[in-house]
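Student: I should like to learn how to read a ligand site in a model of this kind. Where should one begin?

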Amino acid sequence: MDQFVINGGRRLTGCVSVSGAKNAGLPVMAAAALCDDVCIIDNLPYVKDIIIMADLLRYMGAEVSLSPNGRAVINPRGLKNVIPPEDMVAKMRASTYLMGILLGRFNEACVPPPGGCSIGARPIDQHLRGFEALGARVEEGAFLTLRASKLVGSNVYLEASVGATINIILAAVKAEGVTVIHGCAKEPHVVDVANFLNNMGASIRGAGTDTIRIRGVQTLRSTSYTIIPDQIETGTWMIMAAATKGDIVIENCIPPHMEVVSAKLRKTGAEVIEGDDFLRVRASGRLNATNIRTMVYPGFPTDLQQPMSAMLTCANGRSIITETIYEQRYRHLEEMRRMGAKVQVEDRVAFVDGVERLYGRTVEASDLRAGAALIVAGLMAEGTTTISGVKYIDRGYERIEDKLTSVGADIKRI
Ligand code: EPU
């Protein structure tokens, strides 16, 4: 079991380059299985979840080569309608996309329930409602079985779920007629998946708005595609720069995706400078408290609430954090109490009273972004912090200790 050991108290300075977006790369790899030919996908982050997705597609008969430089070559001609193994599906949330691609390709899918980080209830009722609207019958048991004689375009009503929006796109892209999805998630990764599918010849309009319109096509052709930079990794670096009173140039990112995070950091007193494809974040002196309320895009992302609230434990004053998406995303704060953080959690609201300093302790990451939050805590703390649960961090951050070392952190994997 790997652990990170961080000697805190150092300012982070220098340049880091953001990897490709995990939450775009996963559905894009799945979407390649709908193609009738080989697809090349570049800028994938070489992280655990992406490796699992490659393994799942291979298990189902696709040829997949995935290299650490971020290129996947996917030949889905041999894909078969097999039941994916329960242990692999249980490893990540993105295995829900197997429902969309199997249904889209074979009009039938039988899958075990998906896994993913334990951050609260993660139902898939919206996905299933959407599949039903396209003509699938759903049977829920130990496995989920979806069957349609054929999929036919229809109106689908969602409530801004990222996974359901992408899954319905995957199922509808080759369905007969027109599908209109209302109440879509607008996250950048939803737009990336639609762009990839359109490059293959799909007809998807409106991604990035509330309403997406899909005209079904019969074939999808070979394409090459480059995944967008990771919005959450970008935000994590922004927060780390501010939290350590550092000065980091974050290269290869999309600043407009970060507007709400930039605005919040500016409120705390950090300086955020925007370039075309980079951000520079610097801070000096103690940051000010600020309130955070997580919202769907373009609101403040739930995935950055954890690193941001970790940073605010050392800000001047009281910050009130409201987590509206997942009810169990405060476990990092419970851990940080042992480092000296003053936090009170009441249901979905956390009251964070900033302290002068945190002290290094042994803490445990309970999920991916809690892991990022504890790294922020360790970087700020006086003394040595040991973080276990690094396997969660490895699911979504590529070479994080190398990147941290390159900007001056003292971090080791043991
Ligand atoms: N929801 C339902 N019913 C559904 C689907 C969702 O009630 O059928 C609820 C969820 O319980 C949650 C909210 O809707 O309260 C949002 O869930 P969403 O479907 O948008 O999340 P997801 O697709 O399961 C993705 C990311 C998460 C990220 C969320 C929100 C992937 C693989 N995962 O999950 O990423 O937190 O969107 O932005 O794309 C992470 O990367 O650490 C991570 C957890």
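Tutor: Begin with the vocabulary: helices and strands are DSSP runs, numbered from the N terminus, and a helix requires at least four residues. Please note also that this is a predicted model.

Student: Which helices each supply at least two residues of the shell around the ligand?

Tutor: A residue belongs to the shell if one of its heavy atoms lies within 4 Å of the ligand. Here H1 (22-32), H5 (125-133), H6 (162-172), H10 (302-312) and H12 (368-380) each supply at least two such residues. The greatest share comes from H5, with three residues.

Student: How many residues surround the ligand, and which are the closest?

Tutor: The ligand is surrounded by 21 residues, of which Gln126, Ser161, Asp303, Ile325 and Arg369 are the closest. Sorted by class, the shell has eight nonpolar, six polar and seven charged residues.

Student: What does each domain give to the shell?

Tutor: Domain 1 (4-18 + 229-413) and domain 2 (22-226) each provide at least three shell residues.

Student: How should one read polar contacts to the ligand?

Tutor: One looks for a pair of N or O atoms within 3.5 Å. In this model, a backbone N or O atom of Ile325 is 2.7 Å from a ligand oxygen. A polar backbone atom of Val162 lies 2.8 Å from an oxygen atom of the ligand, and for Lys22 a side-chain N or O atom is 3.2 Å from a ligand oxygen.

Student: How much of the ligand does the protein bury?

Tutor: Taken alone, the ligand exposes 830 Å², and the protein buries 87% of that. The ligand sits in the largest pocket.

Student: Which backbone features deserve a note?

Tutor: One reads the omega and phi angles. The peptide bond from Tyr297 to Pro298 is cis, with omega near 10°, and Pro298 lies in the loop between strand S17 (292-293) and H10. Asn43, a residue other than glycine, has a positive phi near 65°; Asn43 is found in the loop between strand S3 (39-42) and helix H2 (48-59).

Conventions. Residues numbered from 1 in each chain as written. Predicted model: local features only at pLDDT ≥ 70, side-chain atom pairs only at ≥ 80, totals over all residues. Heavy atoms only, no water. Polar contact = N/O pair within 3.5 Å; in protein donor to acceptor, adjacent residues only side chain to side chain. Areas by Shrake-Rupley, 256 points an atom, 1.4 Å probe, with all protein chains shown as cover. 1 Å grid on protein atoms, 1.4 Å probe; cavity = no way out; pocket = protein on both sides within 12 Å on 5 of 7 lines; lining within 4 Å. Sits in = over half its atoms within 2 Å of the grid points. Nonpolar A, V, L, I, M, F, W, Y, C, P; charged D, E, K, R; others polar. Domains from an automatic or database assignment.
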